[in-house]
Amino acid sequence: MARRRKNRFPARIDQVTITGLADKGFCVGKTEEGLTVFVEDVAPGDVVDVRPFRKKKKVLFAAPLHFHQRSSERVEPFCQHFGVCGGCKWQHFAYAGQLREKERMVHDAFRRLGKVEVKEWEPILGSEDIRFYRNKLEFGCANRRWLTTEEIGTDIDNEEPVIGFHKAGAYDKLIQIEECHLQHGPSNELRNGLRALATELAVPFFDMRERHGLLRQMMVRTTTTDECMVVIAFFSDDQPTIRRFLDAALERFGSEITSLFYCINPKVNEYLMDLEMVHYAGQEYITERLDHVAFRIGPKSFFQTNTRQAERLYAIARDFAGLTGEENVYDLYTGLGSIALYVADRCRKVVGIEEIAAAIDDARENARLNNVGNATFYAGQVQDILTDAFAADHGKPDVLITDPPRAGMHPKVVNMLLEMEVPRIVYVSCNPATQARDLALLDERYEILRARPVDMFPHTSHVENVVLLSLRNLDAVKG
């Protein structure tokens, strides 16, 4: 007879005080015995009994059972889909509290993970817009909708088609989104209108389990210049149905659509950026502005998702760089050249490096669009391009700006920065944990003069951070 496994954690823990926000919508709390518990669907200041459902190392993950006290910073969520949709996890927590907690998380990452000293911490910069701040959203399409607990037993038919978001943690469950408060412009009208149109025309929606149907995904990009790009992903290349649907969409919504693309996605995953984008109607790009710089954005372009806050983020990076017009600047992980072109008018020349070749094509086109003649861009892995020979050809940088992906900088890049002894480094990061790790490695040669967190995504756990590093004993090095 097999021995029954003992529970690895208790079935219930009472009186857990929630002390702060954590990643992926969880909050952190402590038991009376000092055990750390990550709890979903709560807020800092709550006192709650919880039911643990997972243990990872010495940390428990739990769901709330009973509230003894609710936080004084709780607010009424403004979205009808809050708590069901996978985004906007913190709508129930006052924005001032969100900023305080995000600032704390950045400070904690530097203190606990990086163990580095910052000479001057500047206050977190909150987003002026906490609704309708995104310029890009991707929606899934399915032939049946997932019913919430409240909808079960009503006359709502789960067999009706849906265009919306995935339920958190479920690849095959789509929530019908009636109104999303993330994207401005015609996003809601287009999503709901194209769903109704496809239903009228009997265009088959994708079945995520059985893998058949046609209408699979929808991406909407909007700009502050009131332009809109729509990309429709179909499961198969059924040209007669695709053209019938897209022509009808243009007839009904043509005044709202500046640029229309489609692609064919027969893959298991929903990633679109490796697919061929077919231009169907309108312009081949839309145009956005960040302060004095215009950017042409295509269906695959990487662009900061919160346009207005990106202007303020780049202004901080430029301020930290301390440019006078005479500097040679390197911009690592430059994307479509957004930071490089933003600072080009304040330096002698700027060199951008990016691993995605299509992004470099965008960067060069954007340089031409803005008549920027002092910017040069290279495509390839940063760790492969940034070498002694490269520095000899382009001159040692006076200022280096780096804005790597969430994984942080490659170890070879960190080592190269130590060898190059760049006088000033501005490190922009979307992941304070990996930034703190990299700064710990740079600590042997660099000191951190300034740091400022920036909130790009209200109601989520994401936070950016900008750091200014200066070479230690700079006068001795110059001598």
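This passage walks through a predicted model of one protein chain, from its overall build down to a few individual residues.

The overall build comes first. The chain has 11 helices and 22 strands. Its radius of gyration is 25 Å, close to the 23 Å that the globule rule gives for 479 residues, so the chain is as compact as a globular protein of that length. Along its principal axes, the C-alpha trace spans about 80 × 65 × 50 Å. Of the 479 residues, 54% count as buried. The accessible surface comes to about 22,000 Å², and carbon and sulfur atoms hold 48% of that surface. Contacts within the chain can also be sorted by how far apart the partners sit in sequence. Among contacts with a separation of 6 or more, 65% are between residues 24 or more positions apart.

A good residue to look at next is Cys430, which the UniProt annotation "active site" covers, in an unreviewed entry. In the model, Cys430 is placed in the loop between strand β20 (424-429) and helix α10 (432-442). With neighbours within four places in sequence left aside, Cys430 is in contact with Pro404, Pro405 and Arg406, as well as with Val463 and Glu464.

Helix α10, on one side of that loop, has a set of buried residues: Pro432, Thr434, Gln435, Ala436, Asp438, Leu439 and Leu442. What covers these buried residues includes two other helices, α1 (95-114) and α9 (411-420). The cover also includes the strands β20, β21 (446-454) and β22 (464-471). Strand β20 therefore appears twice in this picture, as one border of the loop that holds Cys430 and as part of the cover over α10.

The cysteines raise a further point. A disulfide is a covalent bond between the sulfur atoms of two cysteines. How many disulfides does the structure hold? The count is 0. Two cysteines help to show why. The sulfur of Cys27 is 15 Å from the closest cysteine sulfur, which belongs to Cys88, and this is too far for a bond. For Cys263, the closest cysteine sulfur is in Cys141, at 11 Å, which is again too far for a bond. Both residues lie out of reach of the surface by the measure used here: Cys27 counts as buried at 1% relative accessibility, and Cys263 counts as buried at 1% as well.

Another buried residue is found in a helix. Thr241 lies in α3 (residues 239-253), and its relative accessible area of 12% makes it buried, because the cut-off for that class is under 20%. Not counting residues up to four places away in sequence, Thr241 touches Val203 and Leu214.

The last topic is the backbone. Most residues other than glycine have a negative phi, and most peptide bonds are trans. Against that background, two residues deserve a look. Gln15 is not a glycine, yet it has a positive phi of about 55°. Gln15 is found in strand β1 (residues 13-21) and is partly exposed, with a relative accessible area of 36%. Ala202 is not a glycine either, and it has a positive phi of about 60°. Where does Ala202 lie? Ala202 is in the loop between α2 (187-200) and β10 (215-222), and it is exposed, with a relative accessible area of 60%.

Definitions and conventions. Residues are numbered from 1 along each chain as its sequence is written. This is a predicted model: local features need pLDDT of at least 70, side-chain atom pairs count only at pLDDT 80 or more; totals for chains, interfaces and linings use all residues. Side-chain values use heavy atoms; hydrogens and water are left out. UniProt positions are given in the numbering used here, feature names are shortened, and annotations may be inferred rather than shown by experiment. Helices (H or I, at least four residues) and strands (E, at least two) are DSSP runs, numbered from the N terminus. Contact means heavy atoms within 4.5 Å. Buried means under 20% relative accessible area, exposed over 50%, partly exposed in between (1.4 Å probe, protein chains only). A disulfide is a pair of cysteine sulfur atoms within 2.5 Å. The radius of gyration is taken over C-alpha atoms; the globule rule is 2.2 Å times the number of residues to the power 0.38. Accessible areas come from the Shrake-Rupley method with a 1.4 Å probe; for residues, only the protein chains shown count as cover.
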